[in-house]
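Me: Please take a close look at one part of this model, the packing of its helices. I am in my first year, so give the cut-offs for the terms as you go.

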Amino acid sequence: MSNDLSSFSGQIVLIVGAASGIGRAAAQLITSRGGTVVIADLDMAGLASLQKELGLKDKQVKSVNLGDQSSIQALITSVISDHSHIDALINTAGVVGPTNTKVEDVEWAAFERTVTINLFGTVWITQAILPHMKTRKYGRIAHVASIAGKEGNPGMHAYNTSKAGMIGFIKGVGKEVAAEGITINALAPAVIRTPMNADTSEETLKYMLGRIPMGRVGEPEEAAEMLAFMASKACSFTTGFTFDTSGGRATY
């Protein structure tokens with residue numbers, strides 16, 4: 001066992017949303033640091049290519065629908081059955097939902113779907129994994145929220161709501177489990193170069209990019225570095241916090 005607190009040697013790390021973007025970069029990075037990753041997503045083709053790239057066993061690849069509580073519970077049960085425990089959870093899954101849409105024009109079904117996947121999914125997977133972490137008196141949970149949850153983006157009302165809700169939820173849980181060896185934190189990226197943003201309108205992307213002092217989008221690898229710290233033993237005295245990866249857009 002390594003004494004390097006940034007090492008994941010001997011650790012089981014569940015990464016949800018690993019088929020592409022930030023989740024994929026996190027899986028690559030944590031594997032390179034000695035961790036045993038379990039990758040989960042709805043995009044099984046994306047997972048298959050990552051499995052081949054990283055040389056993962058079949059039991060390290062799982063299907064999950066973050067918008068379905070029973071699917072999430074089945075995922076956690078399966079990972080515990082296969083690996084006996086989960087040291088860290090990194091949740092990068094999510095949807096953008098409606099963009100460039102006036103609040104009065106948002107279709108409720110689209111709003112509800114966005115909140116269900118992003119916010120309810122975060123709650124459900126946290127509820128499912130915490131009892132296992134409490135038993136071992138150790139755990140790291142890292143959820144990807146968004147700068148939109150801090151500042152709000154016009155025309156992205158469902159997304160703003162879901163990400164702000166995630167941040168509020170994580171603040172409370174962090175305090176609740178603080179004395180149990182478990183930390184839970186959020187990451188708030190600005191625009192990151194991922195397939196997820198392919199569905200975001202050009203007008204909305206232009207708005208968001210114009211508010212990043214560095215004048216560029218972030219790279220998945222940059223977000224993954226932050227997530228790797230949040231999921232590591234090194235993140236031992238920070239919980240309920242929202243880390244920034246926004247190129248200077250948010251400085252609090």
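Reply: What follows goes through three helix pairs in turn.

This is a predicted model, in which local features need pLDDT of at least 70 and side-chain atom pairs count only at pLDDT 80 or more, while totals for chains, interfaces and linings use all residues. Residues are numbered from 1 along each chain as its sequence is written, and side-chain values use heavy atoms, with hydrogens and water left out.

Two packed helices are described by the angle between their axes and the distance between the axes. Helices here are DSSP runs (H or I, at least four residues), numbered from the N terminus. An axis is a line fitted to C-alpha atoms over the stretch in contact, and angles run from 0 to 180 degrees between N-to-C directions.

Start with helix H4 (residues 108-136) and helix H6 (residues 157-176), whose axes come within 7 Å and cross at roughly 20°. H4 is therefore roughly parallel to H6, a label for angles under 35 degrees. The crossing of H4 and H6 is right-handed, meaning that the near helix is turned clockwise from the far one by less than a right angle. On the H4 side, the contact (heavy atoms within 4.5 Å) includes Phe111, Val115, Leu119 and Val123. H6 contributes residues including Tyr159, Met166, Phe169 and Val173. By class, the contact of H4 with H6 has ten nonpolar, eight polar and one charged. For these classes, Ala, Val, Leu, Ile, Met, Phe, Trp, Tyr, Cys and Pro count as nonpolar, Asp, Glu, Lys and Arg as charged, and the others, Gly among them, as polar.

H4 also packs against helix H3 (residues 69-83), at an angle of about 30° and with the axes 9 Å apart. H3 is therefore roughly parallel to H4, and their crossing is right-handed. From H3 come Gln69, Ile72, Gln73, Leu75, Ile76 and Ile80. Facing them, H4 supplies Gly121, Trp124, Ile125, Gln127, Ala128, Ile129 and His132. The contact of H3 with H4 has eight nonpolar and five polar residues, and no charged ones.

The remaining pair is helix H1 (residues 21-32) and helix H2 (residues 44-54), with axes that come within 11 Å and cross at roughly 20°. H1 is therefore roughly parallel to H2, and this crossing is right-handed. Arg24, Ala27, Gln28 and Thr31 of H1 meet Gly46, Ser49, Leu50, Glu53 and Leu54 of H2. Three of the residues in the contact of H1 with H2 are nonpolar, four polar and two charged.

How values were computed
Helix = DSSP H or I, 4+ residues; strand = E, 2+ residues; numbered from the N terminus. Parallel < 35°, antiparallel > 145°, perpendicular 65-115°, else oblique.
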